[in-house]
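Student: Hi! I have a structure open on my screen and would love a walk through it. Can we start with the ligand?
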Amino acid sequence: MIDEGTVPWPEDLAYAYRTADCWRGRPLGAYLWDWADAWGDHVAVVDGDRRLTYRELAVLSDGLAEQLIEHGLRRGDSVLVQLPNCWEFVVVTLACFRAGVVPVMMLPQHRAHELTAIAGHVEARALVVPDTWRGYDHQALAHQVAAGLPDGAAVLVVGADVRPHSVDVRSLMRCGGDVEARRRRLDGLAPSAADVALFLLSGGTTAVPKVIARTHDDYEYNIRRCADVCRFSRQTVYLAVLPVGHNFPLANPGVLGTLHRGGRVVMLPSPRPEQAFAAIEAEGVTATSVVPAVAIRWMEAVDGSGRDLSSLRHIHVGGSMLSPEVAGAIGPALGCELQQVYGMAEGLVCYTPVDAPRSVANTTQGRPLSPFDELLVVHPMTGRPVPPGAVGELLVRGPYTPRGYYRAPEQNAVSYTPDGWYRTGDLVRITPRGNLVVCGRVKDVINRAGEKISAAEIETLAQDIPDVAEAAAVSVPDAVVGERVCLVVRLHPGRELTLDRVAAALTERGLATFKVPERLVVLDDLPHTPLGKPDKKALRLLLTRAA
Ligand code: OOB
């Protein structure tokens, strides 16, 4: 069982969240059949030519859930899920919820470095991967990762090229048999709503991503409140273009929020404007979510695209800084309303309301989803609350913000206060009307098009390059992706290093491509803080001046 590594909410608060109808005490898998019973023939998921009704979704998910159990997976076992945006992702996720098996949401760009660390951390019993994806052999990597685990792990493959020793996910789903009997059997095996439903990865600050355990109760509340705030309904057609392993497109309201309301989800594995615009036109998409970098690409491409985007009513933009100027241009350019989102896999999500005045939608990141969210803005050094309206670090607690990372007591002592506040590492201020404005951050991450890259992770690997004496990873501003990774190094005497060699060394170590530094600066010496750590502020200043 996995729950031993989680940090529960205090009992009195858990009671309060239950009585206030935040936590409804039903596992996420139970909703699958609510949906199928209510909207059975309505299309739930579209992926290219493939269209699944709610009933088909329930039948396939139950089929796979039972087969997972047949293959030896037990309630509480974890499974790495690394799939692009495709209909099978939805079935796999719902099947896991039904069986009480816990999916760990990886990204398609993750490689050996991330998969090995996370699989070990959660003691994964299986991996679900595409056969190959964008020219990369995920199946081979999955077998390599599985072989490195003390008890091995099953490799479940989505695609046509299922090799010996792999299991074909699509054929598992279609196992035949009596649907109603299976439904009852799985109902009888359902996990508790207080159990961990899924693991999300933190975009955090450590050498490998941290793991966030979200319970059925807390995640359902997150999904429901998001769907309320965004007014998702049966009429919603949601386009998933960001990688769906991310909390944002998965559940805010995203894929799961759309299904919770009986709408239709359109899965697209890339946010490229041509494909996205074609899908919006073809399916009559009403809502989608993107990071600022994607919104900017779409604005640039919309004129002359020849596509009719008039169905699009709402675009949710979040994940990284959005300037008021760009924010103000998005709605007019794409012919829809902007809703800004500030959220995190750790929990808290803020939205600007659907009917917010332009000034609020363009200049703030909105307000928390729940009246039970507690926000505290503190001085980053002293930890004391700042005066109302002043900038400080945001701390948060609430009914969908767990109290600690999974199996990480040492990290929790840093990232959470003793009374359970999560330190977001973000600098914010709260306007007199209660809207939050993100002003910067204190944590050491690089935010590349919404993907969070831990500076420590890059530095740890860069330090192993034999020529490198000292390394610091810092962000450099970029008009397209917001920030890029710049590696600043001091070399051992007489050595040389190029960006290509850095890229090759880090890729060799199995680092995800999006994290590989895109700029290299070699210095005779690095500036240091009084504590002797590389002085990132001074380095950033140096790089901006040099640019
Ligand atoms: C979302 O989640 P994560 O876990 O990938 O990243 C969380 C971090 C935040 O702590 C903050 O540093 C940054 O991403 N962030 C923003 C932002 N939204 C997130 N920074 C500035 N402006 C924003 N609007 O990124 C995420 C999860 C759920 C919904 C939306 C985004």
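Tutor: Happy to. One term before we look at the ligand: a polar contact is a pair of N or O atoms within 3.5 Å. Also keep in mind that this is a predicted model.

Student: Good. So which backbone atom is in polar contact with the ligand?
Tutor: Look at A345: a polar backbone atom of A345 is 2.9 Å from an oxygen atom of the ligand.

Student: And what do the side chains of D426 and K452 do?
Tutor: A polar side-chain atom of D426 sits 2.5 Å from a ligand oxygen. For K452, a polar side-chain atom is 2.9 Å from an oxygen atom of the ligand.

Student: How much of the ligand does the protein cover?
Tutor: On its own the ligand has 590 Å² of accessible area, and the protein covers 93% of that.

Student: Which residues come nearest to the ligand?
Tutor: There are 17 residues around the ligand, and the nearest are V341, A345, D426, K443 and K452. By class, that shell has seven nonpolar, seven polar and three charged residues.

Student: Which element gives the largest share of the shell?
Tutor: That would be β14, with four residues. Both β14 (337-344) and α10 (247-251) supply at least two residues each.

Student: Let's stay with D426. What stands opposite D426 in β20?
Tutor: R441 does. The strands here are β19 (residues 422-430) and β20 (residues 436-441), which pair antiparallel over five bridges. Their hairpin has five residues between the strands, and G434 takes a positive phi near 85° there.

Student: What's on the other pairing of β19, with β18?
Tutor: β18 (residues 392-397) runs antiparallel to β19, and four bridges join them. V396 is the residue opposite Y422 of β19.

Student: I also clicked on L427. Where does L427 lie?
Tutor: L427 is in strand β19. Its C-alpha is 4.5 Å from that of E393, though the two are 34 residues apart in sequence. Leaving out residues up to four places away in sequence, L427 touches several others, including P380, V391, V437, C439 and V442.

Student: Changing topic: how many strands are in the open sheet?
Tutor: Nine, in the order β2-β1-β11-β10-β12-β13-β14-β15-β16, with mixed pairing.

Student: Why do β2 and β16 each have one side without a neighbour?
Tutor: β2 (50-53) and β16 (367-368) are at the edges and each has a single partner strand, so one side of each is left without a neighbour in the sheet. At the β16 end, β15 (residues 347-351) and β16 pair antiparallel over two bridges, and Y351 has R367 as its bridge partner.

Student: Which helices lie across β1 and β2?
Tutor: Helix α3 (residues 54-70) lies across β1 and β2, at about 85° to β2. Helix α12 (residues 273-283) lies across β1, β2, β10 and β11, at about 160° to β10.

Student: Last one: how do α2 and α4 cross?
Tutor: The axes of α2 (residues 28-39) and α4 (residues 87-99) come within 7 Å and cross at roughly 115°. The contact uses L28, G29, L32, W33 and W35 from α2, and L94, F97 and R98 from α4. Those residues divide into six nonpolar, one polar and one charged.

Note on methods: Residues numbered from 1 in each chain as written. Predicted model: local features only at pLDDT ≥ 70, side-chain atom pairs only at ≥ 80, totals over all residues. Heavy atoms only, no water. Pairing = 2+ DSSP bridges. Contact = heavy atoms within 4.5 Å. Axes fitted to C-alpha atoms, helices over the stretch in contact; angles between N-to-C directions. Near = heavy atom within 4 Å. Polar contact = N/O pair within 3.5 Å; in protein donor to acceptor, adjacent residues only side chain to side chain. Areas by Shrake-Rupley, 256 points an atom, 1.4 Å probe, with all protein chains shown as cover. Nonpolar A, V, L, I, M, F, W, Y, C, P; charged D, E, K, R; others polar.
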